[in-house]
Structures are given as structure tokens and as C-alpha cells.
Amino acid sequence: MPLTNGPRFVAYRRHERDFVDVAGLSRLRQLEADADGSARLDYDYTFDGEVDLLGVEFDYPEADMKSIRWVGWGPYRVWQNRLLGTRLDVWENAYNDTTPTKSWVFPEFKGYFRGWRWAEFTTTGGALTFENLTDGGFLGVYRPNDGPDRPVLQLPPTGLAFLDVIPAMGTKFTLPDVMGPSSQPRRVSGIHHGSVVLRFETR
């Protein structure tokens, strides 16, 4: 099960249309696996300042993805300034790589999903399940596409992520920072703790 390059701390600050990596260094201190094939990730990070995307992430080959089934607010992705319009339920989305104004496959597979409890990814190699033991938060699924040619924002690259802060989205002609209080960067201070159980079922 090629879940690699993590868990690693991820933090980005938006500068005009681009995002700057402000994560600095992170270090994995300990890893313990259970006899039932699961692993529990307990993570702590400290960040002080304004940020547009914040959490921890792993890499997983996008080409191996087939679908996701999860409990959370869905079935559509959300942005920091666009959290409404979803409801709590069990949802399932097939993999797609839809791009606004270019393709019309909905709900989108990629993006940030609100209030998730657990998520099972079906892949070519088996099932990968995450269980969120922390209230709230967002599940990040790869980098959302935001336009075919000159997108509003060049969103940061992410794999599979457990996020506490997600970006705001602008319009075709307007960047988020002029769209009101909910579109501003989040100010974060102190230590944040999270816990996620990971389960692997290979074919």
C-alpha cells in the first residue's frame, strides 16, 4: 500500500495567486503498528501566524485511486468562505479529475471535505481507511483543479491530508482577500493535536 512521504506537516500562505510553503521542518518521532493491521497516528504541531492551509499529509499515487466513501458533510467539496450547502451523511464519489468550465463531473473527487468522521479509499491495491478521532477538521484529497488555463489560485500540491485550515476561494475576476472576513487568512497560535487511525486491506 504505497502511502508514503508522511505524516508530514504542511502549511501554506497565499501570496496573490500563488501559495508559499511556510511549514519549515517536521520530524516523525515514533511509529507503532497494531496486530490487526491498523496504525494510530497521534500528531502535534505548533504554528504561530497567518496561514491559508494547515495540517498533515501523506502522498498516495493518484493513478491508483478508484473511489472514496466517507461520513461527513458532503457530497461536495468546500472552501473556507464557502462551507454551506452540504449535509451530514454517508457519501461515495468515484474518482474524477473534473476542471471548472472544462468538464462537468460532479461531485468532485478532489478538494477539501468538511467534518469528516471516516473515509475509505478504494484503490487498485486494496482499501485504505482513515478514521478521524478528533472533532472537526477537513479531509484533503489531492489538489483541486481551479480552471483550465489561468486559474484564480494556483492551489498548493497536497496528497491525502488531515487539515485544520483550508483556503478561501475567489471568483473568476476577484482574489479572496477582497471578499470579506471569511475569506481572510486564519490566524493560528499554539499547539494543535490530532489523532487518526489508518487501516490497510490489500488485495
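Two residues are in contact here when heavy atoms lie within 4.5 Å. With that in mind, let us walk through this structure, which is a predicted model. Of the contacts in the protein with a separation of 6 or more, 71% are between residues 24 or more positions apart.

Next, the elements of the chain. The protein has 13 strands and 0 helices, so the radius of gyration is a helpful next number: at 17 Å, it is close to the 17 Å that the globule rule gives for 203 residues, and the protein is therefore as compact as a globular protein of that length. Along the principal axes, the C-alpha atoms fill a box of roughly 55 × 40 × 30 Å. Buried residues account for 46% of the 203 residues. On the outside, the accessible surface of the protein comes to about 10,700 Å², and carbon and sulfur atoms contribute 49% of that surface.

Now turn to the aromatic side chains, where the structure holds 11 aromatic pairs. One of them joins tryptophan 104 and phenylalanine 106: their ring centres are 6.4 Å apart and their planes meet at 50°, so this pair is tilted. Tryptophan 104 has a relative accessible area of 65%, which is over 50%, so this residue is exposed. Phenylalanine 106, at 45%, is partly exposed. If you look for Phe106 in the model, you will find this residue in the loop between strand 7 (87-94) and strand 8 (111-123). Together with Tyr76, Trp104 and Phe106 make a nonpolar surface patch of about 390 Å².

Another pair to look at is tryptophan 116 with phenylalanine 162. Their ring centres lie 5.7 Å apart with planes at 20°, so the pair is stacked. Tryptophan 116 lies in strand 8 and phenylalanine 162 in strand 11 (residues 160-165), so the pair ties together parts that are 46 residues apart in sequence. How accessible is each partner, buried or exposed? Tryptophan 116 has a relative accessible area of 3% and is buried, and phenylalanine 162, also listed at 3%, counts as buried too. Both values fall under the 20% cut-off for a buried residue.

The ring pairs around these two residues go further. Phe58, Trp116, Phe121, Phe130 and Phe162 are linked by ring pairs into a cluster. To see both settings in your viewer, start from Trp104 and Phe106 in the nonpolar surface patch, then move to Trp116 and Phe162 in the cluster.

Notes:
Residues numbered from 1 in each chain as written. Predicted model: local features only at pLDDT ≥ 70, side-chain atom pairs only at ≥ 80, totals over all residues. Heavy atoms only, no water. Patch = residues over 30% accessible without salt bridge, like charges linked within 9 Å, V, L, I, M, F, W, Y side chains within 5 Å. Areas by Shrake-Rupley, 256 points an atom, 1.4 Å probe, with all protein chains shown as cover. Salt bridge = Lys/Arg side-chain N within 4 Å of Asp/Glu carboxyl O. Helix = DSSP H or I, 4+ residues; strand = E, 2+ residues; numbered from the N terminus. Rg over C-alpha atoms; globule rule 2.2 N^0.38 Å. Buried < 20%, exposed > 50% of the residue type's maximum accessible area, 1.4 Å probe, protein only. Phe/Tyr/Trp six-rings, centres within 6.5 Å; stacked < 30°, edge-to-face > 60°.
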